[in-house]
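Welcome, and thanks for taking a look at this one with me. Have the viewer ready, and we can walk through the model together.

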Amino acid sequence: MSTLFLIQFLNGLQLGVLLFLLAAGLTLVFGIMDFVNLAHGSLYMIGAFICASLTFWTGSFVWGVLLAIPIVAVIGFFFEKLIVRHLYESNHLDHVLATFGIILIADTLVQLSWGPQGIAIPLPDYLSGQVEILPDIIFPTFRLVIISSGLLIAAGLYWLITYTRLGMLIRAGASNRTMVSALGVDISTLFAGVFALGAVLAGIAGMLIAPITEATIGMGNDIIITAFVVIIVGGIGSMKGAFIAAILIGIIDTLGRSFLKDILEVFMESASAATAGPALSSMLIYIIMAIVLALRPQGLFPPKVR
Amino acid sequence: MSEVLLQVEGLKKSFGGVVATDDVALDVRLDEIHAIIGPNGAGKTTLITQLFGEQLPDAGHVFFKGNDITRLALHKRASIGLARSFQITSVFMDFSVLDNVALAVQAHEGHSFKFWKAATTEFLLRENAMKALAQVGLDGRASNMASELSHGERRQLEIAMALATNPVFLLLDEPMAGMGAEESALMVKLLKGLKKDRAILLVEHDMNAVFELADRISVLVYGKLIATGTPDEIRNNSEVREAYLGEA
Amino acid sequence: MSVQEVPKNLKPHLQAPSLFGFGQGKLVTILIMALLFMLPMIAWWMGNKFYLDFSVRIICLAIAAVSLNLILGFGGLVSFGHAAFIGIGAYAVGIPAYHGYESAWLHFPLAVGLAGLFALVTGAISLRTKGVYFIMITMAFAQMAYYFFLSLEEYGGDDGMTLWSRSDFGLINISDGLTFFLLCYSVLAICIYLTFRIVNSRFGMVLRGCNSNEPRMKALGYNTYLYRLTAYVISGAMCGLAGALIANLQDFITADTMTWTRSGELMFMVILGGAGSIFGPVFGAVAFLLIEEVLSAFTIYWALPFGILLILSVLFIKGGVNGLILRGWKS
């Protein structure tokens, strides 16, 4: 039981860091540009598909990821320049409608380019095995890679935002746009850059998960809602909130799915537990969201008022 | 002297260490315009939010017609005859002028969980709204959209919305804010006609308007009332001149 | 814009959304509603089940769009989870039927009641928030409902469940295509008229006032939260009714009808048709499903031009198809 718990805990952590990669971009773009991007999940999907093609082309997953990152950045950059930028002045309703249109377009373009089937990404041998993390506890190497690269990226983001000039501009931009303009910074390039950064983070999440789940059309459409739950719980616009909420939601969701049924069996007969378990665990994170909202409508770590 | 409608006694409010309202006592009588003036940061806004129950005082009482209303719920104030206009113009831009006032009328006629009968066919709703508009001289613009009004007209509309419930006590929070000389003059004329059968508390920066309109003036400095009297008394009060008018 | 321009009369009157629109717009409205009535009749007369079902599908989704328009168009609440109410309405037919209870007098009240209850609970939480929060939270709650029904293995899980016979009304038999069409058309007409009455009532004035300037409504003494919640519940319940009809139309119920992309499509219909006009959502539903049908006949990649259309309509069209028609006539 405790072995299984540890393994599921790590699985939850893995989901958590993926959610963070998605939520970070969402919260960054919202915090700075006040823009709601439903199509963020499409960047996650596109990252996975481009990485798949490049992995086959170069014969190496690592090269696939490294080459796919700049491509996704460029896509994000032009996505902002061509479409998103014309929507900053509109209201949130227009944002969600237009980015909903982008999802339709992205899904179809991916289908046109890669066909309707999912694509599995092969891992090199040194990543596809398992390691013994504690005596008698083995865990897939690649999942550990996901966790550690996710945490590394989170640390990198923290450094970027706290210590660099770009980070300073991002923090200033979130609280005061005119001030950033007054500093003589080209705000439109800053916005496009931030958007591209968000796209890369989402793309990396897609690339990391694809070897486990395959790259599939519409793969971003489900997880994006979970990422929304993360930023709602964490407080929209807050990077710290996104990180803590992502890890929390990832672990709670995973543990709920594995153990809720067993826990319920303690209280009720197993037939009802077998029905109630999956039903309740699938709703768990939304119930948590509802509770957080009921207590703190602005989320756990609301950013400072702009 | 006519009947005292609103009476304030020993009102106190502080935020942290800052005393915003310091033992304020004042009264507003029927058929008069009582103006409150004071330099920026004197605590005028804090004072009137306490009069209207938007903030609760730390100590002291507000009486209306002899009843203690210090802690009376916001939405109950309208039904006993209190109304206010706001410092910042805030009307329903995509509603017609008449509809703006109708919403105000409707707000004070109990709940609006009435789903079936068309509001357009309610004769009294329309009549009461038109009456309020006529009082501020906007009846000719009733069918226009609020977005089509000039700034001055929107301020008039604000006052019509406050008048919509036919209040006995009216608080006007800087009605001349942002107005040109011509518009201000019109507003002064309008306000003069409103004081009959009611009490008006006026908070205003435009000194010309205040001294022309007010029957009595109270001067608020750093949360304290330093003087109350007729315009002439205030004009000649040395303490006021020093604390306030001297600055200008 | 929630209030259409009214021809100025000599005597000022309260302005309100009109039922059919004004001038030429009125003609178009009546024409489209007549076509929506005539074409299915012709299809039925010619024995063309496909076009009859297609028309009924338009009508059912139009009911859902009309319900969404009440809060989105008139109330200004961007609810991105309306498909959940369709799903709840559908399962309120499917699950009792699975257990052998086939009476429509159970199914339809249950659909309306449960959808209304779900709206009450989720609305009570989501309406405490504003703007983007509200959009995302309605989305998340809809996704919660989706996963809930997906997890019910007993009722088909992700395979969906078949409805072996349509709801039993006793007096009338809706297994017959024409009768079912007439039922749906009447429900649509009733829902439109209901919306019309509501937005013109005192309640509707308040709802539109909250859309226009919520802080001012609060200052006037309105409890805006309660009014909005009430509208949200009415809207959800009405949409649940659409769900019950859709279940009967498809004879098949799946959680896929409540994914958030479905909610997006509903919103698109409302915007396409012109949010805040009484008949707008009906035009939107007709236009949306027609375009989808035509495009998908040409290409399996129909979503591509559709997405482009959506972006273009956001960037360039204000007031939806309805507004476009009206402006076309005016110019």
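## A parallel pair in chain B

Let's begin with strand β6(B), which covers residues 82-85 of chain B. B:Leu82 and B:Arg84 point one way from this strand, while B:Ala83 and B:Ser85 point the other way. Buried or exposed, what are these four residues? All are buried. Please keep in mind throughout that this is a predicted model.

Which strand does β6(B) pair with in the parallel sense? The partner is β7(B), residues 169-173, and the pairing runs over four bridges. To find the register in your viewer, look for B:Leu82, which stands opposite B:Phe169 in β7(B).

## The antiparallel sheet of chain B

Chain B also holds an open sheet of four strands in the order β2-β1-β4-β5, with antiparallel pairing. The edges are taken by β2 (18-29) and β5 (67-68), and each has a single partner strand, so one side of each is left without a neighbour in the sheet.

Strand β1(B), residues 4-15, pairs with β2(B) in the antiparallel sense over eight bridges. A handy marker here is B:Lys13, which stands opposite B:Thr21 in β2(B).

## Chain B as a whole

Stepping back, the secondary structure of chain B amounts to nine helices and 10 strands. Its radius of gyration is 18 Å, close to the 18 Å given by the globule rule for 248 residues, so chain B is as compact as a globular protein of that length. The C-alpha trace of chain B spans about 60 × 40 × 35 Å along its principal axes.

Of the 248 residues in chain B, 44% count as buried. If you like contact maps, consider the contacts in chain B with a separation of 6 or more: residues 24 or more positions apart account for 67% of them.

## Two domains in chain B

Chain B divides into domain 1 (1-81 + 167-248) and domain 2 (91-166). Taken over C-alpha atoms, the centres of these two domains are separated by 26 Å.

How many residues of each domain are in contact with the other? The contact involves 12 residues of domain 1 and 13 residues of domain 2. On the domain 1 side, helix α6(B) (residues 181-192) gives the most, with four residues. By class, that side of domain 1 has nine nonpolar, two polar and one charged residues.

## Where chain C meets chain A

Now over to chain C, where 38 residues are in contact with 37 residues of chain A. The elements of chain C that give two or more residues to this side are α5 (131-150), α10 (260-273) and α12 (303-316). Of these, α5(C) gives the most, with 14 residues. By class, the side of chain C that touches chain A has 29 nonpolar, seven polar and two charged residues.

One residue worth selecting is C:Ala140, which touches A:Ile225, A:Phe228, A:Val229, A:Ile232, A:Tyr286 and A:Met289, not counting residues up to four places away in sequence.

## Where chain C meets chain B

Chain C has a second contact, in which 27 of its residues face 30 residues from chain B. Here α6 (177-200), α7 (202-212) and α8 (214-219) of chain C each supply at least two residues. Which of them brings the largest share of the chain C side? That is α7(C), with six residues. By class, this side of chain C has 13 nonpolar, 10 polar and four charged residues.

## The largest nonpolar core

In soluble globular proteins, nonpolar side chains tend to be buried together. In this model the largest nonpolar core has 287 residues, and those with the most contacts inside it are A:Leu22, C:Ile63 and C:Ala140. Domain 1 and domain 2 of chain B both give residues to this core, so it lies between them.

## A stop at A:Thr58

To finish, have a look at A:Thr58, which lies in helix α2(A), residues 40-58. Why is A:Thr58 classed as partly exposed? The class follows because 13 other C-beta atoms lie within 10 Å.

Leaving out residues up to four places away in sequence, A:Thr58 touches A:Trp63, A:Gly64 and A:Leu67. By contrast, the C-alpha atoms of A:Thr58 and A:Ile285 are separated by 39 Å, and these residues are 227 apart along the chain.

How values were computed: Residues numbered from 1 in each chain as written. Chains lettered and ligands numbered in written order. Predicted model: local features only at pLDDT ≥ 70, side-chain atom pairs only at ≥ 80, totals over all residues. Buried ≥ 20, exposed ≤ 12 C-beta atoms within 10 Å, placed from the backbone. Pairing = 2+ DSSP bridges. Contact = placed C-beta atoms within 7 Å. Nonpolar A, V, L, I, M, F, W, Y, C, P; charged D, E, K, R; others polar. Core = buried A, V, L, I, M, F, W, Y, C linked by C-beta atoms within 7 Å. Domains from an automatic or database assignment. Rg over C-alpha atoms; globule rule 2.2 N^0.38 Å.
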